[in-house]
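Please open the model in your viewer, with the sequence panel beside it, and follow the stops below in order.

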Amino acid sequence: MSKGHMPKIDSMTVKQASSARLFRRTILRWYGTYGRDLPWRRTRDAWKILVSEIMLQQTQVARVIPKYEAFLSKWPTPKAFASASLGEALSAWNGLGYNRRCKHLHVAAKEIVSELGGITPVNVEILQALPGIGPYTARAVASFSANADVVLWDTNVRRIALRYFFGGEFVRSAPNDEKLHGVLDLSLPKGRSRDWHNALMDFGSAVCIGRSPLCASCPLLRTCIAAPKFLRGLSPARKLVRPQARFEGSRRQARGAVLRALAAAGTKGLRVTALRTLLRSHDAESIVNALVREGLVARRGNVISLP
Ligand code: SF4
């Protein structure tokens, strides 16, 4: 190829590529020393990883661990779980909250058995076609079970990349998301996405944390664009933090209380009127009707039970 026809190399891309290499190397080295040993990291079994991913949506690791272990000792395969009743599944889920996740997992297990020979897929498209499995979960299962070269895009990963490559202040928009995705793509170590994403998750929960990142002891301190602002106390993160909705007294808490009461009542169920004391300020009828509509509760007249 003559000199005149050489493709033009974008200097920004070269800079980002070298920055991405350093980012990757530093975080993987940090992970080698400080990475957490979690039960779902000891397996490549796609079913077990799928269960962990569904449980970890909106629930803290410490609460998930005992539930994950109990769930898989009872239902180690999709086939075993598919043959349980939804009521049994919801009873085992008790305490994790967001019970719709359990129902979706139950439907997905049935489909894995009926359509896929009982083998949990590791292909992103096939996973995403299963009920209740969104793009993030599909990619997570593909990455953690098969080391697929896919980028996981969650708040942890987004926050770290946003700070390191762009200084932390970034209005959310399609072009900005594309830039962020670009640097994450460049950073991904091919064939090692499992370690890479585990490393980012741990780094995001131990060092580059939400409100006050520990910049002073961060191994990326010297090259991170946001570090000087954090060190000077000008935390751009504070603007991004949304206050947590109150759980105490919430409708979500009331829904959980109904499902716990039904799990304790067993097959004979409970009369809706008996829930009034339990639900105090909430409208028992409206909560029960919503749970029935979502298929989480069965109703016969005034008596309700787990399906
Ligand atoms: S220096 Fe601070 S902001 Fe930058 S990656 Fe480390 S902890 Fe996060």
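Begin with the ligand: in this predicted model, the space that the ligand takes up is the largest cavity. Select next the residues around the ligand, which are Arg163, Val207, Cys208, Pro213, Cys215, Cys218, Leu220, Leu221, Cys224, Ala227 and Phe230. If you colour this shell by residue character, you will find 10 nonpolar residues, no polar ones and 1 charged one.

The next stop is the aromatic rings, of which a search of the whole structure finds 13 pairs. One of them is the pair of Trp30 and Tyr34, whose ring centres lie 5.4 Å apart with 35 degrees between the planes, a tilted arrangement. Both residues belong to helix H1, which covers residues 11-34, and they are 4 residues apart there, about one turn of the helix. Which of the two labels, buried or exposed, applies to Trp30? Trp30 counts as buried because its relative accessibility is 10%, under the 20% limit for that label. Tyr34, by contrast, has a relative accessibility of 54% and therefore counts as exposed, the cut-off for that label being over 50%.

Now select Phe165 and Phe166, whose ring centres are 6.5 Å apart and whose planes meet at 50 degrees, so this pair too is tilted. Phe165 and Phe166 are both buried. Extend the selection to Phe23, Tyr164 and Trp196, and you will have on screen one aromatic cluster, formed by these three residues together with Phe165 and Phe166.

Move on to helix H8, residues 135-146, where Ser145 has its place. Ser145 is buried, because its relative accessible area is 10%, and its side chain reaches the backbone oxygen of Val141 at a distance of 2.5 Å.

The last stops concern the backbone. Most residues other than glycine have a negative phi, and the two residues to select here are exceptions to look at in turn. Gln58, which is not a glycine, has a positive phi of about 65 degrees; you will find Gln58 in the loop between helix H2 (46-56) and helix H3 (61-74). With a relative accessible area of 58%, Gln58 is exposed. Where does Asn147 lie? Asn147 is in the loop between H8 and helix H9 (155-166), and its phi, near 55 degrees, is likewise a positive value in a residue other than glycine.

Technical notes:
Residues numbered from 1 in each chain as written. Predicted model: local features only at pLDDT ≥ 70, side-chain atom pairs only at ≥ 80, totals over all residues. Heavy atoms only, no water. Near = heavy atom within 4 Å. 1 Å grid on protein atoms, 1.4 Å probe; cavity = no way out; pocket = protein on both sides within 12 Å on 5 of 7 lines; lining within 4 Å. Sits in = over half its atoms within 2 Å of the grid points. Nonpolar A, V, L, I, M, F, W, Y, C, P; charged D, E, K, R; others polar. Phe/Tyr/Trp six-rings, centres within 6.5 Å; stacked < 30°, edge-to-face > 60°. Helix = DSSP H or I, 4+ residues; strand = E, 2+ residues; numbered from the N terminus. Buried < 20%, exposed > 50% of the residue type's maximum accessible area, 1.4 Å probe, protein only. Polar contact = N/O pair within 3.5 Å; in protein donor to acceptor, adjacent residues only side chain to side chain.
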